[in-house]
Amino acid sequence: MPLTSRSLATVLAMLFCYCAMGLSPTVASAGQASRPTPVEGDFTIHDFNYDDGSVGDLSQHYTTLGQPRRNADGRVTNAVLIMHGTTGSGSGFLGDRYAGVLFGEGALLDASRYYIILTDAIGHGQSSRPSAGQAADFPNYTYDDMVRAQYRLLNEHLQVDHLRLVTGTSMGGMLSWVWGYTYPDFMDALLPLASLPVEIAGRNRMQRKMIIDAVKNDPGYKGGFYDEQPAGLREAMYPLIFMVSSPLQYQLEAPTREESEAMLEALVERYSARMDANDLTYAFDASRFYNPAPHLDNIRAPLLAINSADDQVNPPELGLLETYIGNVPNGEAVTLDITPLTRGHGTHSLPSIWGPYLARFLAATASAEDRSSRDYSALTDLDSPIWQEQAPAQFVARFETTEGLFRIKVERALAPRGADRFYQLVKSGYYDGVHINRVVPGFIAQFGLHGNTEVQALWKHNAIDDDPVSASNSRGTVAFAMTGPDTRSTQVYISTGDNTRLDKDGFAPFGQVIEGMDVVDRLYGLYGEEAGGGLRGGRQGPLEAGGSDYINREYPLLDFIVSARPE
């Protein structure tokens, strides 16, 4: 949801509300964000009633990170339910490309602030599934069964009576829609990824039927009571690969016939080796009755659906997401453009790409009690005493961004005037919500244009005198940007390459990134100079005049600073 820049207080209070939910743990090691150790468990639901009329004991496996927090009424306020895709499991979210971006210290879903719940859906992971003993006698479960079982796990076992956010990828995205209309008052927000709120039909259902038929039509399947995996399981991988493929990436990865065939063989082998034939067919058939469309007006929580244009499962040319999102009372939809960073259907598991949308959505849906009480009044009062404060001889500035956490160590002796101004800006909250608008990979990551146009206008020409250059612009150093002598104001840059050539031009580093340089390297740079321009290039006018509204609309994937403060 777009955030406006109508007032400084509104923008900043909304955007950083979730930072007030608790303190973060000590970082285990520089450059690697820590997160709590996952806790696994199982919950047995006795005599669970399936939609097909079956009744039986159902085991639900789950993984949690963090601890639940409750408000004065005893209601849980920080629980986040994240649901996996077809044939996946909750443990799939624990890898670096997902948990490493979202769950660590200072990250958007920092597990020291949020209670993260990763479930294994019915038929998946370590939950009850056909391969655990019943084979083809297992109940023919549905998505509705999955959601009801998850609801009971949360309520009866984990004692979670409310969810801050419900989200999921692919099948988990579809389950998010079901959660929204089945339990409309149970969550604050819904974020379905790579899904559509309509019946599985057309090519989507055809491909699922191909997968099912490839297995079941094999004589070795034996009606689901096979002694070894049937050969049809391998044949089922061919339509599955088409479903999750990315034409652009596959072309880049396999530009010749030989490479293409080798890649196909490797994919078929890798996918089939970890599958069970019954688990596979049950999982793909579970969507047969899925159809949120008639129930969308029952969804009361704000909902943001994110798809990608290269998703072969949910291709944008169908226009279904755009058509049906209007039936959700408080719904919004986004389709990400194809870029070198998107990965087709698998883009759903890359929060490094869609993190800015998540950050804005969390801010826009937060409760008043969770919003930051930080005082930003000094930003419009140039006579405030804070602007006369001298920086300590050494200090560390903590930056929480939509990409993760990085820390800058400042040495005042390197550039005293620059260090003082940087300290004042960080302490006052100036950089909270500021976009990292100029990212040129291998060169710099630059920020400092304020999202509130009044604040930006006030500070644009409020410059400080230069410092002598006493440290070189090597990788990881931090310095103020400028257009000429004595023009340093609020914009700073982090060198992401060797920029020693800038030394002779008077750019005086005052600090160094001591942790999270990997985060800085991941900052969204595909817009390049188009989004931020350069001070000397004179292309920052639209950003200055339009503020956060303009940037979020025109360059929505730009990372931004959630919170910056001295430690």
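**Helices, sheets and salt bridges, question by question**

Tutor: Let's start with α4, which lies across β3, β5, β6 and β7 and runs at about 150° to β5. Remember that this is a predicted model, where local features need pLDDT of at least 70 and side-chain atom pairs pLDDT 80 or more, while totals for chains, interfaces and linings use all residues. Residues are numbered from 1 along each chain as its sequence is written, and side-chain values use heavy atoms, without hydrogens and water.

Student: What makes a stretch a helix or a strand, as with α4?

Tutor: Both are DSSP runs numbered from the N terminus: a helix is H or I over at least four residues, a strand is E over at least two.

Student: And how is the angle of about 150° between α4 and β5 defined?

Tutor: Lines are fitted to C-alpha atoms, for helices over the stretch in contact (heavy atoms within 4.5 Å), and the angle between the N-to-C directions can run from 0 to 180 degrees. Another helix, α3, lies across β1, β2, β3 and β4, at about 115° to β1.

Student: How do you know that β5 and β6 pair?

Tutor: Strands count as paired if DSSP finds at least two bridges between them. β5 and β6 (residues 190–193) have four bridges, in the parallel sense, so they meet that rule. One spot to look at is Thr 167, which stands opposite Leu 191 in β6.

Student: What makes β1 and β8 edge strands?

Tutor: Each of them pairs on one side only. They belong to an open sheet of eight strands, ordered β1-β2-β4-β3-β5-β6-β7-β8, with mixed pairing. Its neighbouring strands are turned by 20° against each other on average, direction ignored.

Student: What is the pairing in the sheet that contains β9 and β16?

Tutor: Antiparallel, in an open sheet of eight strands with the order β11-β12-β14-β13-β15-β10-β9-β16. The edges here are β11 (438–440) and β16 (561–566). β9 (residues 394–401) and β16 are joined by five bridges, and Phe 399 has Ala 564 in β16 as its bridge partner. Helix α12 (residues 416–428) packs on this sheet, touching strands including β9 and β16, at about 45° to β9.

Student: Which named feature does UniProt place at residues 404–567?

Tutor: The unreviewed UniProt entry gives "domain: PPIase cyclophilin-type" there; such annotations may be inferred rather than shown by experiment. Over residues 404–567 the chain is 27% helix and 22% strand, with its end C-alpha atoms 17 Å apart.

Student: What makes a group of residues a nonpolar core?

Tutor: The members are buried Ala, Val, Leu, Ile, Met, Phe, Trp, Tyr and Cys residues, joined through side-chain atoms within 4.5 Å. The largest core has 52 residues, and Leu 163, Trp 177 and Trp 179 have the most contacts inside it. Elements giving two or more residues to this core include β1, α3 and α4, and α4 gives the most, with seven. Apart from it lies another core of 42 residues, among them Phe 103 and Tyr 555.

Student: Why is Ser 170 called buried?

Tutor: Buried means under 20% relative accessible area, exposed over 50%, and partly exposed in between (1.4 Å probe, protein chains only). Ser 170 has 12%, so it counts as buried. Ser 170 sits in the loop between β5 and α4 and has a positive phi of about 60° although it is not a glycine. Most residues other than glycine have a negative phi.

Student: How do you know that Asp 432 and Arg 374 form a salt bridge?

Tutor: The rule asks for a side-chain nitrogen of Lys or Arg within 4 Å of a carboxyl oxygen of Asp or Glu. Here the N to O distance is 2.8 Å, so the pair qualifies. Asp 432 lies in the loop between α12 and β11 and Arg 374 in the loop between α11 and β9, so the pair ties together parts that are 58 residues apart in sequence. Asp 432 is buried at 1%, and Arg 374 is buried too, at 17%.

Student: Is Asp 227, which pairs with Lys 222, buried or exposed?

Tutor: Exposed, at 74% relative accessibility. Its salt bridge with Lys 222 has the closest N and O atoms 3.7 Å apart, so it fits the rule as well.

Student: How many salt bridges are found in the whole structure?

Tutor: The search finds 34. There is also a network of salt bridges linking residues that include Glu 105, Arg 113, Arg 398 and Glu 567.
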